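Dear colleague,

Please find below the structure that I am handing over for your consideration. My findings follow it.

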Amino acid sequence: MKKYGFGVDIGGTTCKIGLFETAGQVVDKWEIPTDTSAQGTNILPDIAASLLEKLKEKGISKEEIEGIGIGIPGPVDGNGLVPMCVNLGWKDVDVPKEMQSLMEGIPVKAGNDANVAALGEMWQGGGKGCQNLVMVTLGTGVGGGIILHGQIVAGANGAGGEIGHITVNPHESIACNCGRKGCLEQYASATGITRLAKERLAKEHETSLLDQSDEISAKAVFDAYKQQDKVAQEIVEKFARILGSALSNIACVADPEVFVIGGGVSKAGAPLIEAIEKYYREAAFSSCIDTRFALAALGNDAGIYGGVKMILE
C-alpha cells in the first residue's frame, strides 16, 4: 500500500478534496469551484490541476499516490461510468478513464456520492468497526448508501441506496421531485418535515411554540419538540413513524449492523434517533430488531473519506 490517496466529493457548487495518508489521517483538505459550464467539461481537468498543484506544494511524487476516489452527485455504474448527471451537465462520462489520463495513470475509482459518503462513515465515522451499514441522509431530500461486507451496493443501474424514493404512501396526491407520488423523501427530508408541520398548523390546534416561529423549518420543529411542545410532538411522531417503518423494510433486505443517520436534520441529535428507533423497533422483523442507530460523525467530510476508502479496496 502506498502512503497517500486523494478523496474527491463533487458537488454542484464546489468540489471538496482531501489528501490523506492511506492509514486514515487527513493531510490536507480544501475546495475548488465546480465549473458546470460547457456541459461540465472543465470539472475533471480543474480537479486534476488542483491535485497536481497540491502534490507539488507538499513535495509528494505521483508514485506515492495509491489512487483517487471520486463521489458523483448522480448514478454511477460499477465501472465508474456516469450515464447522466443533470447537476454537472454530464452525459456518458467515463470518470476513471478521463481522470487517469489527466493524472498520468494514477488509478481512479468513482461512485455515487451518497454511497461513497456511507463508505466514509463505515471507515472512520458513525459506522466505524462495522462492515454492513445503511447510511440515511436527511437533508433537502433523503439520500442513502448501502454497504454490505465492506462494499458499496450500487446495483445494476447505479441506483442502489436511493431510499428516498421508496413509496410510503400510495395515496399521496402531490408529486415528489422525481415525478412519482408518495416517496419517503416527501415526509422524512427537511422539506418534508416542514410540509408536515405546515399541514398540521393549518388545522385547529392548541397554542404551540411553532406559532411564534418566524419561519417553519425542521429545526424549529425539533427545537419545539425538545421543549415538549405537543403540536411539535405530533409532527415528529408522524415523521418518525414513516421513517422508522421504511427503515424496518430496508432492514429486511440489507440486514445492516447499524443505521447511520446524517444530513442537516441529524443535528437534532439524540432525540431524533430515539424517535426513529422507537417506531423502527415496533415494525422491525425479529431478526433485525436490535439493529443499532448512530449519528453520522464526519459531516461534510464523509465523501472525501469515502473516496479514499474506495481506492483502498
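Contact here means that heavy atoms lie within 4.5 Å of one another. Please note that this is a predicted model.

In that sense of contact, α3 lies across β4 and β7, and its direction is at about 145 degrees to β7. A further helix, α10 (residues 302-312), lies across β1 (4-10), β2 (14-21), β3, β4 and β7; α10 runs at about 130 degrees to β1.

These strands belong to an open sheet of five strands, ordered β3-β2-β1-β4-β7, in which the pairing is mixed. β3 (26-33) and β7 form the edges, each pairing on one side only. From one strand to the next, the twist averages 15 degrees. In general, the strands of a sheet pair through backbone hydrogen bonds, in either a parallel or an antiparallel manner. Between β4 (residues 65-72) and β7 the pairing is parallel and extends over five bridges. Ile70 stands opposite Ala110 in β7.

Two residues other than glycine have positive phi values and may merit your attention. For Glu104, phi is near 55 degrees. Glu104 is located in the loop that joins α3 (95-102) to β7 (108-112). Because its relative accessibility is 58% and exposed means over 50%, Glu104 counts as exposed.

For Asp255, phi is near 50 degrees. The loop between α8 (230-254) and β11 (258-262) holds Asp255. Asp255 has a relative accessibility of 46%, so it counts as partly exposed, the range for that class lying between 20% and 50%.

Yours sincerely

How values were computed
Residues numbered from 1 in each chain as written. Predicted model: local features only at pLDDT ≥ 70, side-chain atom pairs only at ≥ 80, totals over all residues. Heavy atoms only, no water. Helix = DSSP H or I, 4+ residues; strand = E, 2+ residues; numbered from the N terminus. Buried < 20%, exposed > 50% of the residue type's maximum accessible area, 1.4 Å probe, protein only. Pairing = 2+ DSSP bridges. Axes fitted to C-alpha atoms, helices over the stretch in contact; angles between N-to-C directions.
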